[in-house]
Amino acid sequence: MTGTWREEGEAKRQSTLKLIPSKWRLEDPFPPATELRDVTGDYIRQFLTAREIEITERDAVDIVSRTTTGTWTALEVTEAFCHRAALAHQLVRCLHEIFFDAAIEDAKRQDEYFAKHKAPIGPLHGLPVSLKDQFHIKGVETTMGYVGWVNTFEGRPNDPRSKTEESELVRELRSLGAILYCKTSVPSTLMSGETVNNIIGYTWNPKNRLLSSGGSSGGEGALIALRGSPGGFGTDIGGSVRIPAAFNGLYGLRPSAGRIPYQGAANSMDGQGTILSVIGPLAPTARSLTLLFKAVLQQQPWLHDPLAFELPWRDEIVENTKALIAKSQTDPSTLSFGLMKYDGVYPIHPPIARGLDIVEKTLQRLGCRVIEWKPPAHSKAVELARVIYEMDGGLDFKYQFGLSGESQAAQVIVPENGTELKASEIAALNVAKREYQKEYIDYWSSTAELTGTGRPVDAFFCPAAPHAAVIPTQYKYVGYSAFVNLLDYTSISLPVNFADKKIDVRPADCQSDDTGNIQWDYDAETYDGAPVGIQLVGRRFSEEKILTLAEYLGGEIARYGN
């Protein structure tokens with residue numbers, strides 16, 4: 001370190017800002033959040049040309065339909081998204097790394113390739129894709145929110161990999177024709193439902209800048225919400241894809257471990273394998289997630305990542321699911337879903353309750369069978385997950401903060417007097433996890449007796465979090481998302497509605513539940529306008545089915561909710 005950690009963090013922050021071309025700089029100061037909450041839509045559009053708006057407000061599927069046919073050039077698409085990403089960062093602090101110049105050169109090469117061969121490089125030809133700041137890219141730094149990682153390779157000075165290493169997913173995206181142009185902000189440690197660190201500061205929610213963009217893929221969520229990216233990849237060990245998706249009105253997929261390659265990506269608590277962190281895409285539409293997920297599988301990641309499963313995209317599951325959807329139009333005994341409104345641990349806020357009500361009424365309107373989801377106690381899952389996340393006693397986090405001597409934000413929890421578990425204790429923990437997984441499987445199978453379809457439920461809905469996009473420092477419970485990681489189930493966040501202070505009011509009978517949690521720690525005025533997302537959960541390795549259901553049901557929910 002050449003200065004104090006505060007000086008190092010500030011220097012890194014300013015170096016990122018300096019990479020924004022002067023023509024894309026916004027005048028300072030901006031209106032404060034108390035005067036201007038929402039910087040999406042018309043607010044950000046005022047700084048863009050009509051052509052840039054046309055390009056950046058298409059989803060990934062629409063974009064590649066044009067770039068892979070030569071209707072749009074990779075260059076014009078890349079420049080438009082670089083401009084919008086630069087604006088997004090200045091509005092909500094969502095970027096850690098900017099490499100627009102390299103992206104523009106890549107786009108030019110792609111256009112030359114298309115002109116010569118009259119064909120695209122791959123299915124993602126000319127599509128800008130953003131990445132969470134865990135992925136290594138040649139010539140680009142990875143800090144993961146730690147000041148001690150600045151000018152190093154994962155905290156190790158003078159390591160030559162700092163400028164040469166690339167993650168497996170990065171290699172695959174390049175092969176598919178994607179244009180990489182920025183890396184997005186994360187909370188230091190990655191273990192937080194809010195995004196804050198000593199480099200970038202706090203990443204705000206574009207729809208309501210009094211609130212959080214979520215975490216740990218909060219920069220991805222904020223950037224995509226401002227349409228500074230048509231789609232990107234985050235990671236999820238306790239909800240870190242689904243929470244930012246829910247908080248920003250997006251779709252976000254948490255696949256089962258082993259479907260998308262993690263090889264070569266930086267991580268917290270590397271080597272902890274009881275609950276694996278997984279990589280998943282975020283985007284404004286469900287079909288964009290399908291495009292990105294399917295494209296990565298075409299690269300056969302199992303040939304390059306020892307933890308990736310040899311499980312290609314399965315068209316037959318998509319077709320079977322579409323057949324069920326088509327049949328359900330005339331036969332109400334075809335599709336069935338569970339619905340869990342409360343996990344027995346942490347009560348939900350009014351906007352989430354209304355979102356679940358919209359989901360339930362939509363399913364009923366479509367003729368789907370809906371049953372109350374009463375699984376094995378989620379309190380057990382939450383406690384198992386907590387112990388797993390803390391099994392090293394916080395040693396990794398303390399080491400990383402110690403590299404610079406930086407302090408940790410209030411949202412980042414590091415066990416003060418944590419004790420590292422012994423091998424026998426970890427083994428017992430793995431047994432307890434397996435036994436809980438078996439209980440859940442058995443419960444799921446038992447729902448065949450309740451659905452009336454002759455089959456167990458196709459999936460179930462539940463909150464992604466107990467609240468909408470949250471007030472800073474108020475994200476205190478990850479149980480609604482972390483239980484999915486413990487089970488290793490497939491899950492996707494779907495946008496449903498927005499908090500409304502006129503509708504989502506605080507009830508008169510504010511009470512605590514039997515665990516002592518206060519049910520209505522809710523500020524209707526502050527939460528007004530916050531996006532609300534709900535989670536759709538499927539069985540393990542059911543990505544094709546869940547993505548197909550999400551595209552269908554997401555559209556129907558949007559129609560009902562509006």
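## Aromatic pairs around Tyr440

In this predicted model, Tyr440 has a relative accessible area of 0% and is therefore buried, since a residue counts as buried when that value is under 20%. Tyr436 likewise has a relative accessible area of 0%, so Tyr436 is buried, and Trp373 is buried too.

A search of the whole structure finds 22 aromatic pairs. One of them joins Trp373 to Tyr440: the ring centres lie 6.3 Å apart and the planes meet at 45 degrees, so the pair counts as tilted, an angle of under 30 degrees being needed for stacked and one of over 60 for edge-to-face. This contact links distant parts of the chain, because Trp373 belongs to the loop between strand E12 (369–372) and helix H13 (378–389), whereas Tyr440 belongs to helix H15 (residues 423–446), 67 residues apart.

Tyr440 also forms a tilted aromatic pair with Tyr436. Here both residues lie in helix H15, 4 residues apart, which is about one turn of the helix. The values for these two pairs are set out below.

| Pair | Centre to centre | Angle between planes |
|---|---|---|
| Trp373 and Tyr440 | 6.3 Å | 45 degrees |
| Tyr436 and Tyr440 | 5.9 Å | 50 degrees |

Ring pairs extend this arrangement into a cluster made up of Trp373, Tyr436, Tyr440, Tyr443, Trp444, Phe460, Phe483 and Tyr489.

Aromatic rings also meet charged side chains in this model. The charged end of Arg66 sits over the ring of Trp72, at 5.1 Å from the ring centre, and the charged end of Lys207 sits over the ring of Phe498, at 5.4 Å from the ring centre.

Technical notes
Residues are numbered from 1 along each chain as its sequence is written. This is a predicted model: local features need pLDDT of at least 70, side-chain atom pairs count only at pLDDT 80 or more; totals for chains, interfaces and linings use all residues. Side-chain values use heavy atoms; hydrogens and water are left out. Rings of Phe, Tyr and Trp (its six-membered ring) pair if their centres lie within 6.5 Å; planes under 30 degrees apart count as stacked, over 60 as edge-to-face and the rest as tilted. Helices (H or I, at least four residues) and strands (E, at least two) are DSSP runs, numbered from the N terminus. Buried means under 20% relative accessible area, exposed over 50%, partly exposed in between (1.4 Å probe, protein chains only). A charge sits over a ring if NZ of Lys or CZ of Arg is within 6 Å of the ring centre and within 35 degrees of the ring normal.
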